[in-house]
Amino acid sequence: MRQNSSAKFAHCFHANHLKNITRFLITLSLLVFVQCGVPKGEFGWTTTKMEEMDILEQHIQTITDYKMMRDDLIFSPTDTIHYVYQFSRNPGLETDFHISLNRYELDFVEIDIKKKRVEPDSLAIRDEFSLLRTGEYLIKIVHEGDTVDEVKFRVLPDEGYTQENLEQELAGDQTDEIIKYSR
């Protein structure tokens, strides 16, 4: 009789142990799945007037204060636009990102692309744009062909839009005659 009850106990113990291991493996795989991939982050912005600085000031300047936002972004053509993309968690220090700057023509057209890596001390990507013409722009953070995040902003003249400067911009330096005469 004793052998039978001890066999039952071993069978129940083994079955419960397998259930616990299965639950643990499922939980572990869900955690790994949730943590995989490139994390999203926040965009931060600040501007400077680089043309007003001498060369030494431009090289030693360190930007530390950014306003974290992504809506209603408007800059001046005379601004040097500094941005930071702060990741929510470490995406990997050896991970390559491509930063794509696009300007709206008939659709968004890529005008600049840079390859960047995350700064190890801040887990952020920083860069700047200057001498941008008036118009609507889109910045994309891309990893292995997939867009991680993107944000739109506008560059408007300091004096605002008048009918005259709007017509000048529309006719502007268009070399494509279809675009130039379709406006």
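**Two sheets, a core and a buried serine**

Hi everyone, let's begin with the four-stranded sheet: it is open, its pairing is antiparallel, and its strands come in the order S2-S1-S4-S7. At the edges stand S2, residues 67–68, and S7, residues 124–129; each has a single partner strand, so one side of each is left without a neighbour in the sheet. Please keep in mind that this is a predicted model.

Inside that sheet, S1, residues 41–48, runs antiparallel to S4, and eight bridges join the two. If you want a pair to click on, try Glu-42, whose bridge partner in S4 is Gln-86.

Now to the other sheet. Here five strands form an open sheet with mixed pairing, and the order is S3-S9-S8-S5-S6. Its edge strands are S3 and S6, each of which pairs on one side only.

Let's take the S6 end. S5 covers residues 96–104 and S6 covers residues 108–117; they pair in the antiparallel sense over nine bridges. How many residues lie between S5 and S6 in their hairpin? There are three. For a landmark on this pair, look at Asn-102, which has Glu-110 in S6 as its bridge partner.

At the S3 end, the partner is S9, residues 146–155, and these strands pair in the parallel sense over two bridges. Phe-75 stands opposite Val-155 in S9.

Just along the chain we meet Ser-76, in the loop between S3 (74–75) and S4 (80–87). Is Ser-76 buried or exposed? The cut-off for buried is under 20% relative accessible area, and Ser-76 has 8% relative accessibility, so Ser-76 counts as buried. The side chain of Ser-76 makes a polar contact of 2.9 Å with the side chain of Thr-78. Setting aside neighbours within four places in sequence, Ser-76 is in contact with Lys-49, Val-155, Leu-156 and Asp-158.

Finally, the nonpolar core. The largest one has 22 residues, and those with the most contacts inside it are Trp-45, Phe-97, Leu-132, Ile-139 and Phe-153. Which elements give two or more residues to this core? They are S1, S4, S5, S7, S8 (135–143) and S9.

Let me close on Leu-132. Again leaving out neighbours within four places in sequence, Leu-132 is in contact with Pro-77, Ile-81, Leu-101, Tyr-137, Phe-153 and Val-155. Val-155 should sound familiar: this residue is also on the contact list of Ser-76, and Phe-75 stands opposite it. Thanks, everyone!

Conventions:
Residues are numbered from 1 along each chain as its sequence is written. This is a predicted model: local features need pLDDT of at least 70, side-chain atom pairs count only at pLDDT 80 or more; totals for chains, interfaces and linings use all residues. Side-chain values use heavy atoms; hydrogens and water are left out. Two strands pair if DSSP finds at least two bridges between them. Buried means under 20% relative accessible area, exposed over 50%, partly exposed in between (1.4 Å probe, protein chains only). A polar contact is a pair of N or O atoms within 3.5 Å; within protein, one must be able to donate a hydrogen and the other to accept it, and residues adjacent in sequence count only if both atoms are side-chain atoms. Contact means heavy atoms within 4.5 Å. A nonpolar core is a set of buried Ala, Val, Leu, Ile, Met, Phe, Trp, Tyr and Cys residues joined through side-chain atoms within 4.5 Å.
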